[in-house]
Amino acid sequence: MDAGPDAVWTVRFTAGPAVTVRAAEGAAEAELSGPAEQLYLALWNRRAIPLVTGDPALAALWRGRSGI
């Protein structure tokens with residue numbers, strides 16, 4: 001089930017683990033969007049990311065570093 005059209009989570013890459021909050025925090029360099037099920041699978045490297053706006057290299061960085 002989708003969280004709704006206004007659901008936003010912000011992920012920030014750090015020297016340690018990524019930091020995630022359930023809110024829009026500042027301007028995004030890249031945005032991943034799509035239905036919740038597709039995003040969930042994409043963030044666990046089980047399918048392609050539905051839609052990337054902004055810097056696609058950051059989405060590739062997530063896929064490369066998530067190691068799942």
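Follow the protein chain along its sequence and you get the pattern β-β-β-α-β-α. That comes to two helices and four strands. Keep in mind that this is a predicted model. Here is a quick tour, starting with the whole chain and then stopping at the loop after helix 1.

**The chain as a whole**
- The protein chain has 68 residues, and 9% of them count as buried.
- About 5,100 Å² of the protein chain is exposed, with carbon and sulfur atoms supplying 58% of that area.
- Take the contacts in the protein chain with a separation of 6 or more: 24% of them are between residues 24 or more positions apart.

**Helix 1 and A36**
- Helix 1 covers 36-43, and A36 lies in this helix.
- A36 has a relative accessible area of 30%, so this residue goes down as partly exposed, in between the 20% and 50% cut-offs.
- A36 also gives you a handle on how distant parts of the sequence come together in space: A36 and A7 sit 29 residues apart in sequence, while their C-alpha atoms are 9.7 Å apart.

**The nonpolar patch**
- Y40, L41, L43 and W44 together make a nonpolar patch on the surface, and the patch is about 370 Å².
- One of these patch residues, W44, is in the loop that runs between helix 1 (36-43) and strand 4 (51-54).
- W44 is called partly exposed because its relative accessible area is 37%, which falls between 20% and 50%.

**N45, next stop in the loop**
- N45 is another residue of the loop between helix 1 and strand 4.
- Unlike the partly exposed W44, N45 is buried.
- The reason is the cut-off: N45 has a relative accessible area of 18%, and buried means under 20%.
- The backbone at N45 is worth a look in the viewer, as phi is positive there, about 60 degrees, although N45 is not a glycine.
- The side chain of N45 has a polar partner too: it reaches the backbone oxygen of R63 at 3.3 Å.

**Putting the loop together**
- If you want one spot to zoom in on, try the loop between helix 1 and strand 4, where you'll find W44 and N45.
- W44 contributes to the nonpolar surface patch along with Y40, L41 and L43, whereas the N45 side chain goes to the backbone oxygen of R63.

Key: Residues numbered from 1 in each chain as written. Predicted model: local features only at pLDDT ≥ 70, side-chain atom pairs only at ≥ 80, totals over all residues. Heavy atoms only, no water. Patch = residues over 30% accessible without salt bridge, like charges linked within 9 Å, V, L, I, M, F, W, Y side chains within 5 Å. Areas by Shrake-Rupley, 256 points an atom, 1.4 Å probe, with all protein chains shown as cover. Salt bridge = Lys/Arg side-chain N within 4 Å of Asp/Glu carboxyl O. Buried < 20%, exposed > 50% of the residue type's maximum accessible area, 1.4 Å probe, protein only. Polar contact = N/O pair within 3.5 Å; in protein donor to acceptor, adjacent residues only side chain to side chain. Contact = heavy atoms within 4.5 Å.
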